[in-house]
Amino acid sequence: MTQAPARPKAARRRHDREIVMLAVPAFGALVAEPLFVMADSAIVGHLGTAQLAGLGVASALLVTSVSVFVFLAYATTAAVARRVGAGDLPAAIRQGMDGIWLALLLGAAVMAVVLPTAPALVDLFGASETAAPYAVTYLRISSLGIPAMLIVLAATGVLRGLQNTRTPLYVAVAGFVANGILNVVLVYGAGLGIAGSAWGTVIAQCGMAAVYLTVVLRGARQHGASLRPDAAGIRASAQAGAPLLVRTLSLRAILMIATAVAARLGDSDIAAHQIILSLWSLLAFALDAIAIAGQAIIGRYLGAGDAQGARDVCRRMVEWGVAVGVVLGVLVVLARPVFLPLFTSDSAVKDAALPALIIVAVSQPICGIVFVLDGVLMGAGDGPYLAWAMLVTLAVFTPAALLVPVLGGGLTALWATMTLMMAVRMLTLWLRSRSGHWVVTGAAR
């Protein structure tokens, strides 16, 4: 049997450089975003327990309202990268502007819904009588920044598609610093309390959106791209994003089901679940950074008509995903004696968390493959398949998770079903990558 010729080391090194140059800044930007909420919590926490509880409810609602539209970044990255690969920068920026206009329209619609319904939404989340007024205040004010938040998502996708992940890193870090300073000044200096924290976040998000728009508009003027809204282009952006919205909502449903099941297992188990879930989410940032690099690089190769190059870089990124997953898994095992005491001193919570933590560690190479192939297929514009694959995953996970308390399983069994969920995702994505149906070249899929 003849053996396939080894890939040239020069090509591997080129792929590695591209992945590192895009993934490392992307990781920094991903980590900076959750720090907004952490900074708000640290500052508002000193106002009182009721204020902090109100912030917790409002932040959960706000993050949910924005995160379901993450497709604005994903779909825009893929579409822009294809046109970059095709050598048509004006069309790439024009495509990006369509995504930004869509973000503005969606942001205005969400804001129009959240503003009048804030009290009902807070009540739906079960906020206490003391925390509810603070939650409503924070949610109403911060909802004014939702259009800016969605513009940031879309503009981030534009720059990623242009193979630029450094600017999003700089903007995210600057936004985090500005948010912290504004919060301190407005909460304590101006005496606005939790309202000051909300205004600080709105101002920081609007500032970030303004910086992104300045960068994109400068590129549009440089390449002669039109800035006017184009109904057909906006509609195309929405159509490309719709399957990714289904994917995101399905993933959100999986996480909500897991939390609901953990809550039925008892106080120690739900407390341990929250600790494990926070770690799982942190590990996801490192793997998602490689996925973001995959979106940008794959889109560019396919736009340039280089199908073999796209396959080669896909293979290399999978190797990266596995390697990073192994490293993260080892770090979790080594850090577990230090990690758990940071969150709890309750021995029952620690006992519940420890075996689940080991499962998370062992599953990281699987997660690495899933995140990378997810990014590859997004970069290829293969959204409809990703939507169906996630719906299949949801259909497999839901009965398995709901059986955990029925069969007397604990948190370890629940996290085994989470690993099953990732294994199903890996299988569906691997089958698609092997089929080659995602390899569609050209400036548009």
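1. Leucine 62 is found in helix α3 (residues 49-67), where helices are DSSP runs of H or I with at least four residues, numbered from the N terminus. With a relative accessibility of 8%, leucine 62 counts as buried, a term that means under 20% relative accessible area, whereas exposed means over 50% and partly exposed lies in between (1.4 Å probe, protein chains only). Apart from neighbours within four places in sequence, leucine 62 is in contact with Leu139, Ser142, Ile146 and Met149, contact being heavy atoms within 4.5 Å.

2. A word on the basis of these statements: this is a predicted model, in which local features need pLDDT of at least 70 and side-chain atom pairs count only at pLDDT 80 or more, while totals for chains, interfaces and linings use all residues. Residues are numbered from 1 along each chain as its sequence is written, and side-chain values use heavy atoms, with hydrogens and water left out.

3. Two of the residues touching leucine 62, Leu139 and Ser142, are among the buried residues of α6, which also include Ala135, Val136, Tyr138, Ile141 and Ser143. Helix α6 (residues 132-143) has 12 residues, which at 1.5 Å a residue should span 16 Å (1.5 Å times one less than the number of residues), and its end C-alpha atoms are indeed 16 Å apart.

4. The largest nonpolar core has 127 residues, and Leu72, Trp280, Ile298, Trp415 and Trp438 have the most contacts inside it; such a core is a set of buried Ala, Val, Leu, Ile, Met, Phe, Trp, Tyr and Cys residues joined through side-chain atoms within 4.5 Å. Helix α11 (residues 267-303) gives the most to this core, with 20 residues. Leaving aside neighbours within four places in sequence, tryptophan 415 is in contact with His273, Ile276, Leu277, Trp280, Ala356, Ile359 and Val360.

5. Helix α10 (residues 231-265) packs with α11 at an angle of about 150 degrees, their axes being 7 Å apart; axes are lines fitted to C-alpha atoms, for helices over the stretch in contact, and angles run from 0 to 180 degrees between N-to-C directions. The two helices are therefore roughly antiparallel, the term for angles over 145 degrees. Among the residues that meet are Leu255 and Ala258 in α10, and His273 and Trp280 in α11.

6. Not every residue of α11 is buried: alanine 271 lies in this helix and, at 29% relative accessibility, counts as partly exposed.

Definitions and conventions
Parallel < 35°, antiparallel > 145°, perpendicular 65-115°, else oblique.
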